[in-house]
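The following paragraphs lead the reader through one protein chain, beginning with its overall plan and ending with individual residues. Please keep the structure in view while reading.

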Amino acid sequence: MRDLLERQRPLVIAGVVSLVLGFVTLVLSLVDPTEILGISRWIKPMKFFFSIAIYVWTIAILLDQLKGEERFAKVISWLLILIFIVEQAGVVGQPLRGTTSHFNVKTAFDGGVYAMMGLLIVLNSVLVVAITYKYFRAKIELPSAVLWSIRLGLLIFLVGSVQGGYMSAQIGHTVGAA
């Protein structure tokens with residue numbers, strides 16, 4: 001475990017920072033009465049901070065299994081960190097302005113923020129495609145069932161990303177209904 005923490009230090013630290021900010025936004029959701037769409041403006045940022053922490057830690061574990069791919073892992077790690085710094089700026093910045101961060105194209109600025117977040121998530125998905133490719137091509141020393149579980153999990157993630165892209169194109173969470 002200590003080796004993993006050392007080898008994947010940037011993602012581990014990014015996860016810790018995101019976790020801490022998740023708790024900060026949790027506290028803010030309890031003390032700040034400002035609401036957007038009927039809930040605390042801090043709920044969406046809080047959910048994103050917690051989920052990003054879990055996500056980057058998971059990616060750190062996956063990248064750590066790719067022996068001999070340290071440069072690849074380093075590039076992926078730093079790109080993910082950059083993606084989520086900018087992503088969270090939108091997810092926190094928009095509620096601070098008193099508006100939603102997602103599916104918001106009310107003004108040119110709001111549309112620009114939403115488009116930037118969308119482009120970053122597409123880039124994130126491209127990085128997962130690269131990781132998935134490595135998991136199908138590299139010699140990974142894991143039990144076959146575990147390796148196939150990871151491969152299939154990555155493929156399911158990518159299918160979900162396509163669905164997320166479709167929702168974004170529809171400008172809403174609901175697909176096929178009013």
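Read from the N terminus, the elements of the protein chain follow the order α-α-β-β-α-α-α-α. The chain thus presented is a predicted model, and it contains 6 helices and 2 strands. Along its principal axes, the C-alpha trace spans about 50 × 35 × 25 Å. Of the 178 residues in the chain, 39% are buried. Contacts can also be sorted by the separation of the partners in sequence: among those between residues at least 6 apart, 66% join residues at least 24 apart.

The packing of the helices may be considered next. Two packed helices are described by the angle between their axes and the distance between those axes. How do the axes of α2 and α3 cross? They come within 8 Å of each other and cross at roughly 165°. Angles over 145 degrees count as roughly antiparallel, and α2 and α3 are therefore roughly antiparallel to each other. The crossing of α2 with α3 is left-handed. By class, the residues of this contact comprise 21 nonpolar, 5 polar and no charged.

A second pair is formed by helix α4, residues 70–96, and helix α5, residues 108–137. Their axes come within 10 Å and cross at roughly 155°. By the cut-off of 145 degrees, α4 and α5 are therefore also roughly antiparallel to each other. Their crossing is left-handed. The contact of α4 with α5 includes charged residues: its composition is 18 nonpolar, 3 polar and 3 charged.

The third pair is α3 and α5, whose axes come within 11 Å and cross at roughly 30°. Angles under 35 degrees count as roughly parallel, so α3 is roughly parallel to α5. Here, too, the crossing is left-handed. On the side of α3, the contact is made by Y55, I59, I61, L62 and L63, while α5 contributes N124, V128, I131 and Y135. Sorted by class, these are 8 nonpolar residues, 1 polar residue and no charged residues.

Attention now turns to the interior. In soluble globular proteins, nonpolar side chains tend to be buried together. In this model, the largest nonpolar core has 26 residues. Which of its residues touch the most other members? They are L11, I59, L63, L80, I131 and Y135. Helices α3 (43–64), α4, α5 and α6 (144–169) each supply at least two residues of the core. Three of the names just given, I59, L63 and I131, also appear in the contact between α3 and α5.

Y135 is a useful residue to follow further, as a member both of the core and of the contact between α3 and α5. Leaving out residues up to four places away in sequence, Y135 touches I61, L62, Q65, L66, I140, L147, I150, R151 and L154. Among these partners, I61 and L62 belong to the α3 side of the contact with α5, and L147, I150, R151 and L154 fall within the range of α6, residues 144–169.

Another residue to examine is S29, found in helix α2, which covers residues 9–31. Is S29 buried or exposed? Its relative accessibility is 15%, so S29 counts as buried. Apart from neighbours within four places in sequence, S29 is in contact with S40, W42 and I43.

Two loop residues complete the tour. L37 lies in the loop between β1 (35–36) and β2 (39–40). With a relative accessible area of 78%, L37 is exposed. The C-alpha atom of L37 is separated by 19 Å from that of Q88, which lies 51 residues away along the chain. F103 is found in the loop between α4 and α5. F103 has a relative accessibility of 19% and therefore counts as buried, given that the cut-off for buried residues is under 20%.

The backbone of these two loop residues also deserves notice. Most residues other than glycine have a negative phi. L37, however, has a positive phi of about 55° although it is not a glycine. F103 likewise is not a glycine and has a positive phi, of about 60°. The exposed L37 and the buried F103 therefore stand at opposite ends of this description of accessibility, while each has a positive phi.

Note on methods: Residues are numbered from 1 along each chain as its sequence is written. This is a predicted model: local features need pLDDT of at least 70, side-chain atom pairs count only at pLDDT 80 or more; totals for chains, interfaces and linings use all residues. Side-chain values use heavy atoms; hydrogens and water are left out. Axes are lines fitted to C-alpha atoms, for helices over the stretch in contact, and angles run from 0 to 180 degrees between N-to-C directions. Helices (H or I, at least four residues) and strands (E, at least two) are DSSP runs, numbered from the N terminus. Angles under 35 degrees count as roughly parallel, over 145 as roughly antiparallel, 65 to 115 as roughly perpendicular and the rest as oblique. A crossing is left-handed if the near helix is turned anticlockwise from the far one by less than a right angle, and right-handed if clockwise. Ala, Val, Leu, Ile, Met, Phe, Trp, Tyr, Cys and Pro count as nonpolar, Asp, Glu, Lys and Arg as charged, and the others, Gly among them, as polar. A nonpolar core is a set of buried Ala, Val, Leu, Ile, Met, Phe, Trp, Tyr and Cys residues joined through side-chain atoms within 4.5 Å. Buried means under 20% relative accessible area, exposed over 50%, partly exposed in between (1.4 Å probe, protein chains only). Contact means heavy atoms within 4.5 Å.
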